[in-house]
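This report goes through one protein model from its charged contacts to its nonpolar interior. Please keep the sequence and the coordinates at hand while reading.

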Amino acid sequence: MSASTTDTHLYPAKTKKTPLAVIVNLIRGALIGMAELVPGISGGTVALVIGVYERALHNGNLLIDLIKSALRDRSQLKATAATVDWWFLAAVGVGMVTAVFSMSTVLHGFVENHAEIARGLFMGMVAVSIIVPIGMMDLRDVRRRLAVVIPLFLAAAVLSFFGTGLTSAPQDDPSLFIIFIAAAIAVCALVMPGISGSFFLMAMGLYAPVMASLSNREWDVIAIFILGALTGVVLFVRFLSYVLEYHRTITLTIMAGLMLGSLRALWPWQDSDANLLAPTDQVGPVLGMVALGAFTVAAVMIIERITPKNTGAETIASGDPA
């Protein structure tokens with residue numbers, strides 16, 4: 001995808017190089033970074049709410065084009081690099097990284113020391129988030145494909161339920177290869193508002209060890225995670241965009257079913273091997289956290305719905321420095 005000046009809605013103008021623009025985008029990046037740390041809150045949704053989703057997705061595609069130019073046709077490398085909004089990416093990236101490192105210790109301690117409360121909070125968040133892929137479906141297409149959609153949804157839910165039963169127990173010492181694969185999958189959530197990358201990590205039993213690695217500054221794990229995320233962007237982001245465009249109903253149906261079945265990983269009462277247990281202690285506080293998590297995500301979704309969808313593009317087109 002190449003930049004164009006004829007359609008600012010599809011191809012946003014670059015961020016102005018002003019201190020205000022940098023500060024605003026640092027804050028935006030921090031908000032997205034904090035969201036990505038919490039299972040159930042989507043960084044993509046937050047990016048949409050604060051008006052940078054379209055610009056971020058556009059620049060992500062430009063980065064992929066840049067990588068292709070570097071590997072295949074270096075004669076276009078300089079021209080392609082000039083289309084990337086480096087000031088925007090740098091400010092948002094620094095804000096995200098700062099938030100991730102500063103908040104990882106807090107979240108790691110919360111998950112480790114208050115496991116039932118934490119899972120209750122995250123369960124409420126993810127349960128409400130299932131509405132997002134369902135709400136993005138074309139109801140007319142769903143009605144036409146009802147005989148396929150319902151069995152597919154149930155099959156995805158059942159598969160995810162049993163799959164997370166095998167993987168959701170926290171892994172004490174996951175291999176770097178597993179970390180790499182998990183990062184490549186989780187980063188795809190950035191493309192889909194409403195889908196949480198951290199939830200994928202939790203469903204795979206990797207949320208706690210990844211948070212611990214961030215908190216303890218285990219740079220080998222962090223480096224592999226970043227490499228996996230970059231690989232996921234290059235390999236999967238355009239594929240995900242393609243299937244959402246040309247096979248939208250089927251893709252969203254599978255996504256919703258996987259999310260529903262994966263709630264198994266967030267059942268508050270379970271043993272160290274992720275076997276489900278009946279509610280025992282702290283029932284009241286846990287249910288309160290489920291309600292709090294559900295309310296939080298519902299509030300974010302309401303804000304997203306009442307926010308004009310073209311806010312980011314119109315602001316950029318009108319010359320807003322941010």
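Does Asp141 count as buried or exposed? In this structure, which is a predicted model, Asp141 counts as buried because its relative accessibility is 12%, and burial here means under 20% relative accessible area.

## Salt bridges

The count of salt bridges comes to 3, and they are set out in the table with the distance from N to O.

| Salt bridge | N to O distance |
|---|---|
| Arg140 and Asp138 | 3.6 Å |
| Arg144 and Asp141 | 3.2 Å |
| Asp141 and Arg145 | 3.3 Å |

Asp141 therefore has, at 12% relative accessibility, the status of a buried residue, while its partner Arg144 counts as exposed at 62% and its partner Arg145 is partly exposed, with a relative accessible area of 34%. Through shared partners, the salt bridges join Asp141, Arg144 and Arg145 into one network. Arg144 and Asp141 both belong to helix H8, which covers residues 139-144, and they stand 3 residues apart, about one turn of the helix. In the salt bridge between Arg140 and Asp138, Arg140 is exposed with a relative accessible area of 57%, whereas Asp138 counts as partly exposed at 33%.

## Aromatic pairs and a charge over a ring

A search of the whole structure finds 4 aromatic pairs. One of them is formed by Phe122 and Tyr207, which meet edge-to-face with 6.0 Å from centre to centre and 75 degrees between the planes. Because Phe122 lies in helix H6 (residues 115-129) and Tyr207 in helix H12 (residues 207-215), this pair ties together parts that are 85 residues apart in sequence. Both partners are enclosed by the burial criterion: Phe122 is buried with a relative accessible area of 1%, and Tyr207 counts as buried at 2%.

Phe161 and Phe162 form another aromatic pair, also edge-to-face, with 5.4 Å from centre to centre and 85 degrees between the planes. Here Phe161 is partly exposed, with a relative accessible area of 34%, and Phe162 is exposed, with 53%. The ring of Phe161 has a further partner, since the charged end of Arg264 sits over it, 5.4 Å from its centre.

## Helix H12 and the nonpolar cores

How many of the 9 residues of H12 are buried? The count is 9 of the 9, so H12 is largely enclosed by the rest of the structure. The buried residues of H12 include Tyr207, Val210, Met211 and Leu214, together with Pro209 and Ser213. H12 is followed by Arg217, whose phi is positive, near 55 degrees.

In soluble globular proteins, nonpolar side chains tend to be buried together. The largest nonpolar core of this model has 38 residues, of which Phe122, Leu201, Tyr207, Val210, Leu214 and Leu266 touch the most other members. At least two residues of this core come from each of several helices, among them H5 (86-113), H6, H11 (197-203), H12 and H13 (219-246). H6 gives the most to this core, with 8 residues. Apart from this core lies another, of 9 residues, among them Met137, Val142, Cys188 and Leu240. Within H12, Val210 touches Ile179, Leu201 and Phe225, residues up to four places away in sequence not being counted.

## Confidence

The mean pLDDT of the protein is 78, and 84% of its residues reach 70 or more. Among the elements of the protein, H8 has the highest mean pLDDT, at 90, and helix H16 (residues 311-317) the lowest, at 38. Over residues 1-11 the pLDDT is below 50, and this stretch has 19 contacts in the model beyond near neighbours in sequence. Over residues 310-322 the pLDDT likewise stays under 50, and the model has 21 contacts for this stretch beyond four places in sequence. Where pLDDT is low, the predicted coordinates should not be read in detail.

Methods
Residues are numbered from 1 along each chain as its sequence is written. This is a predicted model: local features need pLDDT of at least 70, side-chain atom pairs count only at pLDDT 80 or more; totals for chains, interfaces and linings use all residues. Side-chain values use heavy atoms; hydrogens and water are left out. Rings of Phe, Tyr and Trp (its six-membered ring) pair if their centres lie within 6.5 Å; planes under 30 degrees apart count as stacked, over 60 as edge-to-face and the rest as tilted. Helices (H or I, at least four residues) and strands (E, at least two) are DSSP runs, numbered from the N terminus. Buried means under 20% relative accessible area, exposed over 50%, partly exposed in between (1.4 Å probe, protein chains only). A charge sits over a ring if NZ of Lys or CZ of Arg is within 6 Å of the ring centre and within 35 degrees of the ring normal. A salt bridge is a side-chain nitrogen of Lys or Arg within 4 Å of a carboxyl oxygen of Asp or Glu. pLDDT is the predictor's confidence in each residue, from 0 to 100. Contact means heavy atoms within 4.5 Å. A nonpolar core is a set of buried Ala, Val, Leu, Ile, Met, Phe, Trp, Tyr and Cys residues joined through side-chain atoms within 4.5 Å.
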